[in-house]
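Me: I would like to understand how the words used for a protein model are justified. Could you show me the structure and then take my questions one at a time?

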Amino acid sequence: MIQAATEKKVLLQVDHLKQYFPVKKDSTFKPKTYVKAVDDVSFHLFEGETLSIVGESGCGKSTTGRAILRLDEPTDGKVYYSGKNILNLNKKEMGKLRGDLQVIFQDPFASLNPRQTVKQILNEAMAIQKVVEKSKRMDRMLELLGYVGLPPEALERHPHEFSGGQRQRIGIARALAVNPKLIICDEAVSALDVSIQAQILNLLKNLQKQFQLTFLFISHDLSVVRHISDRVMVMYLGKVVEIAEKKALFGSPLHPYTKALLSSIPVPYPTLKKERVILKGDVPSPIDPPRGCRFHTRCPFVTKKCKEEEPELRELGENHFVSCHFAEELV
Ligand code: ADP
Ligand code: MG
């Protein structure tokens, strides 16, 4: 296990994670093919930080989050938490960890049982993880509602009686109910109006401080990511192309793909104006990704080397990693 060169404590370490999904064969004679959704991804999360994963739809963000939680069993790799590779834990051991590792999805409608009241939803979460004894659960539920800004009356209502933002607050309360350490937020505010987004992001930030939470924040929306992150990881076609602290990533991005993503944000970045990168074409299929650098088919700076050799993730600035053969020359 590689420890990051800093005093901050690493809460979770992902090493060489791979998630390949078999593709249904249309003929028994064809060789088995796979969607390489996540293909050799490594990163770590410091305790108490927010690391965001960004990238276009289909680049493997959700799959990375799901693999960490073992919602899908990863094809290969290791995920260290509390010094243990959690991919080796049996069902019972993993069950104990479920409280520590929580998830909030984009659509709380899909993850909140429509037939349950908020009281039943929160009660069930606490009962499964055995975090609060029965006699104290009512007090705890009221406390949780307070943390997420919902009134006590919310307890007797069902998810459909709430607005989108309020439903997301219920999802957050349910995650908090089991005293989590890490919360994976997968497009948690993407379905909300911008003003509501800001409220939920601020709520998450406040709760993070209050409870020393660590967030893995998955989003395709760079304005949201700019608001909430400490560090940002950019993915393209199942690979990490760049990881850096937020300021460095937004202020001096190194990968041509990151530059292209940033130049599409409505808020102008004066430093980037001169070298706007407009991407041509579509993202290639993750079933048969391009050889060499996966981005080479869309990169304006492509060379022969890019088509042949896969670039490694290299540290070019303090805690600033990029996988591009020519990152130094393109600055
Ligand atoms: P993102 O969250 O970045 O939009 P995903 O992680 O959902 O991307 O998907 C990455 C790739 O993996 C996509 O090509 C997607 O179609 C594919 N994929 C995701 N889940 C499955 C699955 N269960 N079976 C087959 N392919 C999948
Ligand atoms: Mg997704």
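Reply: What follows is a set of questions and answers about this structure, which is a predicted model.

Me: What makes Cys59 count as buried?

Reply: A residue is called buried when its relative accessible area is under 20%. Cys59 has 4% relative accessibility, and therefore it counts as buried. Cys306, at 9% relative accessibility, counts as buried too.

Me: How do you know how many disulfides there are, and why is Cys59 not in one?

Reply: A disulfide is a covalent bond between the sulfur atoms of two cysteines. To be counted here, a pair of cysteine sulfur atoms has to lie within 2.5 Å. For Cys59 the closest cysteine sulfur is that of Cys293, and because it is 14 Å away, it is too far for a bond. The sulfur of Cys306 also has Cys293 as its closest cysteine partner, but at 6.2 Å this is again too far for a bond. By this rule the count comes to 0 disulfides.

Me: How do you know that the span of helix α7 agrees with its number of residues?

Reply: The expected span is 1.5 Å times one less than the number of residues. Helix α7, residues 194-211, has 18 residues and should therefore span 26 Å, and its end C-alpha atoms are indeed 26 Å apart, which agrees. A similar check can be made on helix α4 (residues 118-129), whose 12 residues reach 17 Å from the first C-alpha to the last, close to the 16 Å expected.

Me: Why do you say that the buried residues of α7 line one face of the helix?

Reply: The buried residues of α7 are Gln197, Ile200, Leu201, Leu203, Leu204, Leu207 and Gln208. Seen down the axis of α7, these buried residues fall within an arc of 160°, so they line one face. On the other side of α7, Ser195 and Lys209 are exposed. As for its surroundings, α7 lies across β3 (50-54), β6, β7 and β8 (214-218), and runs at about 155° to β8. After the helix comes Gln212, whose phi is positive, near 50°.

Me: Which residues of α4 are buried, and why are they said to line one face?

Reply: In α4, the buried residues are Val118, Ile121, Leu122, Ala125, Met126 and Gln129. Down the axis of α4 they fall within an arc of 125°, so they too line one face of the helix. These buried residues pack against α2 (91-97), α5 (137-148) and α6. The residue that follows α4 is Lys130, with a positive phi near 50°.

Me: What makes β6 and β11 the edge strands of the sheet of 8 strands?

Reply: The open sheet has the order β6-β7-β8-β3-β9-β10-β12-β11, with mixed pairing. β6 (101-104) and β11 (314-317) are its edge strands, since each pairs on one side only. Neighbouring strands of this sheet are turned by 20° against each other on average, with direction ignored. Helix α6 (residues 164-176) packs on the sheet and touches β6 and β7 (182-186), its direction making about 175° with that of β6.

Me: How do you know that β9 and β10 pair, and what does β10 do on its other side?

Reply: Two strands are said to pair if there are at least two bridges between them. Strand β9 (residues 231-236) and β10 are joined in the antiparallel sense over 6 bridges, and Val234 has Glu242 as its bridge partner in β10. β10 is also joined to β12 by 2 bridges, again antiparallel, with Glu242 opposite Val322. Strand β10 (residues 239-245) is called mostly covered, as 6 of its 7 residues are buried.

Me: Why is one side of β2 and of β5 left without a neighbour in their sheet?

Reply: This open sheet of 4 strands has the order β2-β1-β4-β5, with antiparallel pairing. β2 (34-46) and β5 (84-85) stand at its edges with a single partner strand each, so one side of each has no neighbour in the sheet. Strand β1 (residues 10-22) is joined to β2 by 10 bridges, and the two run antiparallel. Within this pair, Lys18 stands opposite Asp39 in β2.

Key:
Residues are numbered from 1 along each chain as its sequence is written. Chains are lettered from A and ligands numbered from 1 in the order in which they are written. This is a predicted model: local features need pLDDT of at least 70, side-chain atom pairs count only at pLDDT 80 or more; totals for chains, interfaces and linings use all residues. Side-chain values use heavy atoms; hydrogens and water are left out. Buried means under 20% relative accessible area, exposed over 50%, partly exposed in between (1.4 Å probe, protein chains only). The arc is that of the directions from the helix axis to the C-beta atoms. Axes are lines fitted to C-alpha atoms, for helices over the stretch in contact, and angles run from 0 to 180 degrees between N-to-C directions. Contact means heavy atoms within 4.5 Å.
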